[in-house]
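Dear colleague,

I am passing on the structure that we spoke about, with the sequence alongside. Could you look it over before reading my notes below?

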Amino acid sequence: MTRLTLPKLPCPIAPFVPHAQGMCLLDRIVEVGEEHLVADVMPEAQDLFCIDGSIPAWVGLEWMAQAVAAWAGWQAATRGESPAVGFLVGTRRFEAAVDAFPLVQPYRVSVSLDFRADNGLGQFRGVIENDTTPLAEGSLTIYVPTPSHPDNLSTSRASS
């Protein structure tokens, strides 16, 4: 695979997520590490999920999932691989303090790895903030298909 040159941060997020143009909802990667990623987004009226001048709070779950996808895409790029397709399997305790995200305001989307299993499952914690005020948070379970191996079921934990 072609090695993706890692850009200086902040950088556009689109090269690190396997989403088509209109479906990439986040704008930039602000910070990334071995077990976390911070992205930002400033929603506008032409955004796909804009309803009555705002973004419904439930879209925040997709923002978090795309931040996880960007984290995985960045990790893949460090190994010279392309971003892989993954699936949001579920969420636990997704709570939003707002009904909707007003437009033309910056939001910070942070995700951190709780654990990753050898069978392709992973758990991440996500938070959406405006300035330093938490507006939504939750845990996401993600699945990235891997080759099947009967002995590939042990779980490895990442430090939090």
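What follows is a description of the fold, the core, a few single residues and the surface.

Please bear in mind that this is a predicted model, in which local features need pLDDT of at least 70 and side-chain atom pairs count only at pLDDT 80 or more, whereas totals for chains, interfaces and linings use all residues. Residues are numbered from 1 along each chain as its sequence is written, and side-chain values use heavy atoms, with hydrogens and water left out.

The protein has 1 helix and 10 strands, where helices (H or I, at least four residues) and strands (E, at least two) are DSSP runs numbered from the N terminus. Read from the N terminus, the order of elements is β-β-β-β-α-β-β-β-β-β-β. Of the 160 residues, 39% count as buried, buried being under 20% relative accessible area, exposed over 50% and partly exposed in between, with a 1.4 Å probe and protein chains only. Among contacts (heavy atoms within 4.5 Å) between residues at least 6 apart in sequence, 66% join residues at least 24 apart.

In soluble globular proteins, nonpolar side chains tend to be buried together. Here the largest nonpolar core (a set of buried Ala, Val, Leu, Ile, Met, Phe, Trp, Tyr and Cys residues joined through side-chain atoms within 4.5 Å) has 38 residues, and those with the most contacts inside it are L26, I29, L37, W63, F101, V109 and I128. At least two residues of this core come from each of β2 (28-32), β3, α1 (59-78), β7 (107-117), β8 (121-130) and β9 (133-143), and α1 gives the most, with 12 residues. Leaving aside neighbours within four places in sequence, W63 is in contact with L25, L26, V41, P43, I55, F101, Y107, V109 and I128.

A charged residue is also covered: D40, in strand β3 (residues 36-41), is buried, with a relative accessible area of 11%. The side chain of D40 makes a polar contact with the side chain of R28 at 2.6 Å; a polar contact is a pair of N or O atoms within 3.5 Å, where within protein one must be able to donate a hydrogen and the other to accept it, and residues adjacent in sequence count only if both atoms are side-chain atoms. Beyond four places in sequence, the residues in contact with D40 are L26, D27, R28, V30, Y107 and R108.

Some backbone details deserve a look, given that most residues other than glycine have a negative phi, and most peptide bonds are trans. The peptide bond from L9 to P10 is cis, with omega near -5°, and P10 is in the segment before β1 (11-12). R93, in strand β5, has a positive phi near 55° and counts as exposed at 55% relative accessibility. V104, in the loop between β6 (100-102) and β7, also has a positive phi, of about 55°, and is exposed at 58%. V104 touches M42 and P43, not counting residues up to four places away in sequence, and the C-alpha atoms of V104 and P43 are 5.6 Å apart although the two residues are 61 apart in sequence.

Finally, the accessible surface of the protein comes to about 8,900 Å², of which 55% belongs to carbon and sulfur atoms, with areas from the Shrake-Rupley method and a 1.4 Å probe, and for residues only the protein chains shown counting as cover.

With best wishes
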